[in-house]
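Please open the structure in a viewer with residue selection and distance display enabled. The tour proceeds by selection, and each stop states what is found there.

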Amino acid sequence: MKQINDITVEDVKSVLTKKGYRIFTDIGVPNIVGIRNVNESSNQFIDRCWVWWTENGIEQSHNYTITTRPGFYYLENPIAGNNGTGILVPNQYIDCWELGMHRQKQFALCQRDGVVQVYRDNDKDDILDLDPKTIQKGYFGVDMHHAGLLDTDIVNNWSAACQVWRYHIAHQDLMQSFKALSAKYGYNKFSYTLLNQVDF
């Protein structure tokens, strides 16, 4: 297993191919792939996200620090009440997101066009529970947004189930790129794949 910071975009492509997942090759269509760290900590930005697309024959690739898991606040205080806090299940989700406003506060990718799967963690402690028996499928507002305008090491209430970028400037630059690509090439549906570090 590779260290998460040593995983390259070529490594990601190789795993996607082995799993039979799609790699988007249409001009200007991004591949967005999260990688969940094997570390069980749930309150730090320790996951990664690779994003790449091809335009004018050139591949643009970017690597981000994110979290793919809820922070302590929502593990202890689930939004869904007795259903527990959602934790996105690793999988490939096609065309589930579009550009929009996350909670009317920031430009982001918003889950509006397709269902996803989440584990439900309902024991209100700070340990992630990934029990397949708890998996639910639906629209849960699993958006891809950034944390606060002041950079932070701690997730806390920045994620309930969302995929959250640690650095707001990097995230907003990416969203502006997506906005330009979407307008230029005529699409507004985005796909996301979540992998585990152990896949590498």
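The stops below move from a helix and its partners to strands, salt bridges, cysteines and a surface patch.

This is a predicted model, in which local features need pLDDT of at least 70 and side-chain atom pairs count only at pLDDT 80 or more, while totals for chains, interfaces and linings use all residues. Residues are numbered from 1 along each chain as its sequence is written, and side-chain values use heavy atoms, with hydrogens and water left out.

**Stop 1: helix α1**

Select residues 9-19, which form helix α1. Helices (H or I, at least four residues) and strands (E, at least two) are DSSP runs, numbered from the N terminus. Buried denotes under 20% relative accessible area, exposed over 50%, and partly exposed the range in between (1.4 Å probe, protein chains only). On this helix the buried residues are Val9, Asp11, Val12, Lys13, Val15 and Leu16. They pack against β1, β2, β3 and β11 (190-196), where contact means heavy atoms within 4.5 Å. Extend the selection to Gly20, which follows α1 and has a positive phi near 75°.

**Stop 2: from helix α1 to strand β3**

Side chains of opposite charge can pair when their charged atoms come close. A salt bridge is counted when a side-chain nitrogen of Lys or Arg is within 4 Å of a carboxyl oxygen of Asp or Glu. The structure holds eight of these.

Select Lys13 and Glu59, which form one such bridge, with the closest N and O atoms 2.7 Å apart. Glu59 lies in strand β3 and Lys13 in helix α1, so the bridge ties together parts that are 46 residues apart in sequence. Which of the two partners is buried, and which is partly exposed? Lys13 is buried because its relative accessible area is 16%, whereas Glu59, at 35% relative accessibility, counts as partly exposed. Add Glu10 to the selection: Glu10, Lys13 and Glu59 are linked in a network of salt bridges.

**Stop 3: along strand β3**

Remain on β3, which spans residues 58-67, and select Asn63, which lies in this strand. Asn63 counts as partly exposed because its relative accessibility is 31%. Not counting residues up to four places away in sequence, Asn63 touches Arg48, Cys49 and Trp50. A polar contact is a pair of N or O atoms within 3.5 Å; within protein, one must be able to donate a hydrogen and the other to accept it, and residues adjacent in sequence count only if both atoms are side-chain atoms. The side chains of Asn63 and Arg48 make such a contact at 3.4 Å. A C-alpha to C-alpha distance from Asn63 to Ile32 gives 10.0 Å for two residues 31 apart in sequence.

Next select Thr65, also placed in β3. Thr65 counts as buried because its relative accessibility is 17%. Its side chain is joined to that of Arg48 by a polar contact of 2.4 Å. Leaving aside neighbours within four places in sequence, Thr65 is in contact with several residues, including Phe45, Asp47, Trp165 and Arg166.

**Stop 4: two further salt bridges**

Select Asp47 and Arg69, whose side chains meet in a salt bridge (2.5 Å, N to O). Asp47 lies in strand β2 and Arg69 in the loop between β3 and α2 (72-76), so this pair ties together parts 22 residues apart in sequence. Both Asp47 and Arg69 are buried.

Then select Arg166 and Asp153, whose side chains meet in a salt bridge at 2.1 Å, N to O. Arg166 is in the loop between β10 (163-165) and α3 (168-185), and Asp153 in the loop between β9 (144-146) and β10, with their positions 13 residues apart in this link of distant parts of the chain. Arg166 is buried, with a relative accessible area of 19%, while Asp153 counts as partly exposed at 46%.

**Stop 5: the cysteines**

How many disulfides, defined as pairs of cysteine sulfur atoms within 2.5 Å, does the model contain? The count comes to zero. Select Cys49, which is in no disulfide; the nearest cysteine sulfur, that of Cys162, is 14 Å away. Cys110 is likewise in no disulfide, and its nearest cysteine sulfur, again that of Cys162, is 8.7 Å away. Cys49 is buried at 0% relative accessible area, and Cys110 is buried at 2%.

**Stop 6: a surface patch**

Finally, select Met1, Val38 and Val198, which make a nonpolar surface patch of about 300 Å². Patches are made of residues with over 30% relative accessible area and no salt bridge, like charges being joined within 9 Å and nonpolar side chains (Val, Leu, Ile, Met, Phe, Trp, Tyr) within 5 Å. Accessible areas come from the Shrake-Rupley method with a 1.4 Å probe; for residues, only the protein chains shown count as cover. Val38 is placed in the loop between β1 (31-36) and β2 (47-55), and at 44% relative accessibility counts as partly exposed.

Definitions and conventions
A disulfide is a pair of cysteine sulfur atoms within 2.5 Å.
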